[in-house]
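Hi there,

Here is the structure I promised to pass on. Have a look at it first, and my notes follow below.

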Amino acid sequence: MRGRLPWRAARLREVRAETATARTLVFEVPGWPGHLAGQHVDVRLTAEDGYTAQRSYSLAAPPDGELVTLTVETVPDGEVSPYLTGVMEPGDQVEIRGPVGGWFVWRPAGKAPVLLVGGGSGIVPLMAMIRERRRTGSRAPFRLVYSLRDPESRYYAEELRRPDPGLDVAYLYTRAAPDGASRPAGRVTLADLAEGGWPAGFEADCYVCGPTGFVEAAADLLLTLGHAPERIRTERFGPTGG
Ligand SMILES: Cc1cc2nc3c(=O)[nH]c(=O)nc-3n(C[C@H](O)[C@H](O)[C@H](O)COP(=O)(O)OP(=O)(O)OC[C@H]3O[C@@H](n4cnc5c(N)ncnc54)[C@H](O)[C@@H]3O)c2cc1C
């Protein structure tokens, strides 16, 4: 399936800083077929000597014509991410293939309550779902539990602060909580997901995304809380490439 998707030329149109280490990149991709919130793409870089490297990145925004929006965290010593976040300038080109993934998606026709659980850059596809809900005027109630190191690591900080009726956001800080935070810094717990999520009886669709360890811990906690396994969808941001 993936092998049949064509690589398309993608021209960088705009760069926005999300944090000191993360950038949102908006590409123009002629011929882009559109996508669903939650899907991802493969990005391929080609050096002058023909060497190529490719990595997966989630789509950060709903479909918008030929625009493809990604948010990339700089992995120190990484091969691809430091190039995307620190070297590329508007006008530069890469290749993009996609959209990829048919399970970790949210469709605006969905009426069930939704619980989004994101760790670090795992917020990216969840933000696409939040934006798709807003774009389509969906009434599905959403709750986001966003685990991150400290307040400075927050992606989409201003947008998530704005009122969005039907969306509740809870922040969990793992290293440094700001003054007045409702809980001390620490990893996600049962109480966090019980308070920030939906009771299991509400039959919510749960989407969990982030580093592999975070995703496994959070999905286990959701099972312990009684959420049905078939309603828990996960996406692991482990190393990719090849
Ligand atoms: C489906 C999917 C969607 C993804 N979406 C996003 C996204 O929206 N935004 C984003 O920033 N990243 C995302 N990633 C991760 C991304 O694909 C790359 O793995 C990441 O950018 C690192 O690539 P690199 O070439 O810079 O580092 P590499 O050269 O691949 O690795 C350098 C070092 O960092 C380690 N490393 C690599 N990747 C990670 C990682 N993700 N976490 C911790 N250590 C790592 C490696 O083991 C290695 O030691 C996604 C991954 C998957 C599988």
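Let me start with one pairing: Ala22 has Glu73 in strand 5 as its bridge partner. This is a predicted model, where local features need pLDDT of at least 70 and side-chain atom pairs count only at pLDDT 80 or more, while totals for chains, interfaces and linings use all residues. Residues are numbered from 1 along each chain as its sequence is written, and side-chain values use heavy atoms, with hydrogens and water left out.

The sheet: strand 2 (residues 22-28) and strand 5 run antiparallel, joined by 7 bridges. Strands here are DSSP runs of E with at least two residues, and helices are runs of H or I with at least four, numbered from the N terminus; two strands pair if DSSP finds at least two bridges between them. The open sheet has 6 strands in the order 4-3-6-1-2-5, with antiparallel pairing. Strand 4 (52-58) and strand 5 (67-73) are its edges, each pairing on one side only.

The ligand: 21 residues surround it (a heavy atom within 4 Å), and the closest are Arg55, Ser56, Tyr57, Val80 and Ser81. Strand 4 gives the most to this shell, with 4 residues; strand 5, helix 1 (81-87) and strand 11 (232-236) each supply at least two.

Polar contacts (N or O pairs within 3.5 Å) may interest you too. A backbone N or O atom of Thr71 lies 2.9 Å from a ligand nitrogen, and one of Glu79 is 2.8 Å from a ligand oxygen.

Best wishes

Conventions
A polar contact is a pair of N or O atoms within 3.5 Å; within protein, one must be able to donate a hydrogen and the other to accept it, and residues adjacent in sequence count only if both atoms are side-chain atoms.
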